[in-house]
Amino acid sequence: MPRTIAVANQKGGVGKTTTSINLAAALAIEGQSVLLVDIDPQANATSGLGVDPKSLARTVYNALINNDNVDSLVIETGVQGLSLLPSNGHLAGAEVELIEIEDRTRRLRVVLDGMNHQKYDTILLDCPPALGFLTINALAAARSVLVPVQCEYYAMEGLGRLMESIERIRQSVNPDLEIEGILLTMYDARNSLARQVTDQIRSHFAGKVYDTVIPRNVTLAEAPSYGRPVLLYNMASSGAQAYLSLAKEFAIHGEKSAR
């Protein structure tokens with residue numbers, strides 16, 4: 001079975017989609033077979049991999065609501081080993097339509113259970129910045145949660161609320177859900193506040209925070225406008241190197257968890 005990870009944080013602008021795209025690409029470059037599932041109606045993971053969401057007739061929405069075969073919806077990307085289950089604006093309607101579906105909080109799990117698991121080593125779920133039905137579905141389908149956290153003033157407050165939400169999901173939907181790791185993003189070493197936040201999070205969540213830190217880097221912001229992961233846009237950039245480092249750390253953690 002593939003390792004299924006939800007990339008989630010209720011707070012927006014913390015680097016969820018940037019992390020989903022670039023960790024997926026880095027893992028693929030390292031030799032893994034990866035599926036990135038865009039479960040966000042904004043479809044930024046889809047467009048960030050060079051696919052125009054408006055051009056898509058069928059997306060993850062069709063699997064969730066119409067029971068379309070999920071393998072038939074997967075498309076290949078410009079990165080060898082990286083596949084995409086895309087999204088577009090139609091997915092916004094799923095928040096309402098899922099209310100009418102039996103066992104609505106586990107619908108994505110059912111969808112993913114019906115696919116060809118032998119094709120993938122890792123499945124990453126890019127979640128919306130809210131704890132609605134789509135994010136709950138992702139957390140119900142995942143084995144663990146990777147939490148990107150921006151190195152800024154309200155980080156601890158937002159992280160605390162997310163941990164409470166994850167605990168509620170454990171109690172009601174997915175008792176096996178674990179914290180895969182906390183990833184510090186948009187880090188600026190020149191900023192004393194960023195250093196203080198980093199120290200605070202590492203102290204409070206000892207053993208859960210990745211050693212790799214994602215820097216504030218203009219290349220990471222530019223790459224999506226070209227529809228490419230940063231590794232294909234500028235491999236030498238500090239952002240690209242950080243995600244390669246994260247992929248190695250992520251893979252080692254997965255090997256330890258599998259023992």
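## An enclosed helix

Helix α6, spanning residues 133–141, is largely enclosed by the rest of the structure, because eight of its nine residues are buried. Those buried positions are Leu-134, Thr-135, Ile-136, Asn-137, Ala-138, Leu-139, Ala-140 and Ala-141. The model described in this report is a predicted one.

## The sheet

Eight strands make up an open sheet with mixed pairing. Their order across the sheet is β3-β4-β2-β5-β1-β6-β7-β8. The edges are occupied by β3 and by β8 (209–215); each has a single partner strand, so one side of each is left without a neighbour in the sheet.

Within the sheet, β2 and strand β5 (residues 122–126) run parallel and are joined by five bridges. One residue pairing can be named: Val-37 has Leu-125 in β5 as its bridge partner. Helix α8, residues 192–204, packs on the sheet, where it touches β6 (144–150), β7 (178–187) and β8. The direction of α8 makes about 170° with that of β7.

## The nonpolar cores

The largest nonpolar core comprises 53 residues. Within this core, the residues that touch the most other members are Ile-39, Leu-64, Leu-125, Ile-182 and Ile-201. Helix α7 supplies the largest share of the core, namely seven residues. Leu-125, listed among these core residues, is also the bridge partner of Val-37.

Ile-182 illustrates the contacts made by a member of this core. When neighbours within four places in sequence are set aside, Ile-182 is in contact with Val-147, Val-149, Leu-159, Met-163, Ile-201, Phe-205, Lys-208, Val-209 and Tyr-210. A second core, separate from the largest, contains 33 residues, among them Ala-28, Ala-45, Ala-223 and Ala-242.

## Salt bridges

The structure holds eight salt bridges. One of them joins Glu-30 and Lys-248, with the closest N and O atoms 3.1 Å apart. This pair links distant parts of the chain, its two residues being 218 residues apart. Glu-30 lies in the loop between α1 (16–29) and β2 (34–38), while Lys-248 belongs to helix α11 (residues 238–258). Glu-30 is partly exposed, at 42% relative accessibility, and Lys-248 is likewise partly exposed, with a relative accessible area of 43%.

Another salt bridge connects Asp-68 with Arg-58, the closest N and O atoms being separated by 3.3 Å. Asp-68 is found in the loop between α3 (60–66) and β3 (75–76), and Arg-58 in the loop between α2 (44–48) and α3; the pair therefore ties together parts that are 10 residues apart in sequence. Asp-68 is partly exposed, with a relative accessible area of 22%, and Arg-58 counts as partly exposed at 36% relative accessibility.

## A salt bridge within a helix

Glu-167 and Arg-170 also form a salt bridge, in which the closest N and O atoms are 2.7 Å apart. Both residues lie in helix α7 (residues 155–172), and because they are three residues apart, about one helical turn separates them. Glu-167 has 32% relative accessibility and counts as partly exposed; Arg-170, with a relative accessible area of 23%, is partly exposed as well. Helix α7 thus carries this salt bridge and also contributes seven residues to the largest nonpolar core.

Terms used
Residues numbered from 1 in each chain as written. Predicted model: local features only at pLDDT ≥ 70, side-chain atom pairs only at ≥ 80, totals over all residues. Heavy atoms only, no water. Salt bridge = Lys/Arg side-chain N within 4 Å of Asp/Glu carboxyl O. Helix = DSSP H or I, 4+ residues; strand = E, 2+ residues; numbered from the N terminus. Buried < 20%, exposed > 50% of the residue type's maximum accessible area, 1.4 Å probe, protein only. Core = buried A, V, L, I, M, F, W, Y, C linked by side-chain atoms within 4.5 Å. Contact = heavy atoms within 4.5 Å. Pairing = 2+ DSSP bridges. Axes fitted to C-alpha atoms, helices over the stretch in contact; angles between N-to-C directions.
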